[in-house]
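Here's a quick briefing to read alongside the model. Have the structure open and follow along, strand by strand.

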Amino acid sequence: AQVALMLADGAQPASLPASHRSDDVMAEIKERANIENVLVKQADQLVVRFLIMGANGQTKNWLVDLKSVPPFVGHNDSAYAELDVSLSDDTFMEMAAGKITPWQAFTTGQVKVSGRMGRAMLLETILNPSMLKMKL
């Protein structure tokens with residue numbers, strides 16, 4: 001499924017390789033984590049690693065560490081994550097657009113989760129489409 005990216009002002013973002021369309025969403029999550037204390041509080045200081053596989057088979061590793069001060073969102077293969085989430089770039093973009101919830105993606109096998117499963121419900125806080133400025 002193709003998801004068109006559009007910024008809130010209607011402009012098209014710089015084109016990204018198909019395997020990295022999620023980069024813009026992660027950049028926004030990084031920005032929000034550093035300025036919105038409520039996001040960190042609502043996500044209960046979640047530390048999650050997203051392993052996002054692109055259309056070309058390349059996997060991109062993103063660590064979202066809301067326990068750190070300041071919060072860290074970026075690439076770190078060796079840091080501890082209480083939750084590992086493996087999914088395709090398309091599924092990530094569908095969740096960010098609100099077309100499916102993380103729970104729906106998990107129950108249909110589109111997302112694999114390992115680690116502290118009880119914390120997985122907090123993914124909806126991080127990927128809440130109503131809080132993203134960009135229009136997906």
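Start with L63, whose bridge partner in β3 is G74. In that β2–β3 pairing, V64 sits opposite V73 of β3. Keep in mind that this is a predicted model. The notes below work outward from this pair of strands to the sheet, the helices, the core and a few backbone oddities.

**β2 and its two partners**
- Strand β2 covers residues 59-65 and pairs with β3 in the antiparallel sense, over three bridges.
- β2 and β3 make up a hairpin, with six residues between them.
- On its other pairing, β2 runs antiparallel to β1, and seven bridges join the two.
- One pair to look at there is F50, which stands opposite W62 in β2.
- β1 and β2 form a hairpin too, with five residues between the strands.
- How buried is β2? Six of its seven residues are buried, so the strand is largely enclosed by the rest of the structure.

**The whole sheet**
- The sheet is open and has five strands, in the order β3-β2-β1-β4-β5, and the pairing is mixed.
- Why do β3 (72-74) and β5 (111-115) each have one side without a neighbour in the sheet? Both stand at the edges and have a single partner strand each, so one side of each is left without a neighbour there.
- On average, neighbouring strands of this sheet are turned by 15° against each other, direction ignored.
- Helix α3 (residues 89-96) packs on the sheet and touches β1 (47-53), β4 (83-88) and β5.
- The direction of α3 makes about 105° with that of β4.

**Helix α1**
- Residues 23-35 form α1, which has 13 residues.
- From its first C-alpha to its last, α1 reaches 19 Å, close to the 18 Å expected at 1.5 Å a residue.
- Which residues of α1 are buried? They are D23, V25, M26, E28, I29, R32 and A33.
- The cover over those buried residues of α1 includes helices α2 (37-42), α3 and α5 (123-126), along with strands β1, β2 and β3.

**The nonpolar core**
- The largest nonpolar core has 32 residues, and V48, F50, V85 and F92 are the ones that touch the most other members.
- Where does this core draw its residues from? At least two residues come from each of α1, α2, β1, β2, β4, α3, β5 and α5.
- F92 is worth a click: leaving aside its neighbours within four places in sequence, it is in contact with S22, V25, M26, F50, I52, L87 and L127.
- Two of those contacts, V25 and M26, also turn up among the buried residues of α1.
- F50, another of the F92 contacts, is the residue standing opposite W62 in β2.

**Backbone spots to check**
- V69 and P70 are joined by a cis peptide bond, with omega of about -5°.
- P70 is found in the loop between β2 and β3.
- In the hairpin of β1 and β2, G57 takes a positive phi near 90°.
- D44 isn't a glycine, yet its phi is positive, at about 50°.
- D44 has its place in the loop between α2 and β1, and with a relative accessible area of 45% it is partly exposed.
- Q45 isn't a glycine either, and its phi is positive at about 55°.
- Q45 lies in the loop between α2 and β1 and counts as partly exposed, at 40% relative accessibility.

**The chain as a whole**
- How many helices and strands are there? The chain has five helices and five strands.
- Reading along the sequence, you get the pattern α-α-β-β-β-β-α-α-β-α.
- The chain has 136 residues, and 45% of them count as buried.
- Among contacts in the chain with a separation of 6 or more, residues 24 or more positions apart account for 64%.
- Accessible surface for the chain comes to about 7000 Å², and 55% of that belongs to carbon and sulfur atoms.

Technical notes
Residues numbered from 1 in each chain as written. Predicted model: local features only at pLDDT ≥ 70, side-chain atom pairs only at ≥ 80, totals over all residues. Heavy atoms only, no water. Pairing = 2+ DSSP bridges. Helix = DSSP H or I, 4+ residues; strand = E, 2+ residues; numbered from the N terminus. Axes fitted to C-alpha atoms, helices over the stretch in contact; angles between N-to-C directions. Contact = heavy atoms within 4.5 Å. Expected span 1.5 Å × (residues − 1). Buried < 20%, exposed > 50% of the residue type's maximum accessible area, 1.4 Å probe, protein only. Core = buried A, V, L, I, M, F, W, Y, C linked by side-chain atoms within 4.5 Å. Areas by Shrake-Rupley, 256 points an atom, 1.4 Å probe, with all protein chains shown as cover.
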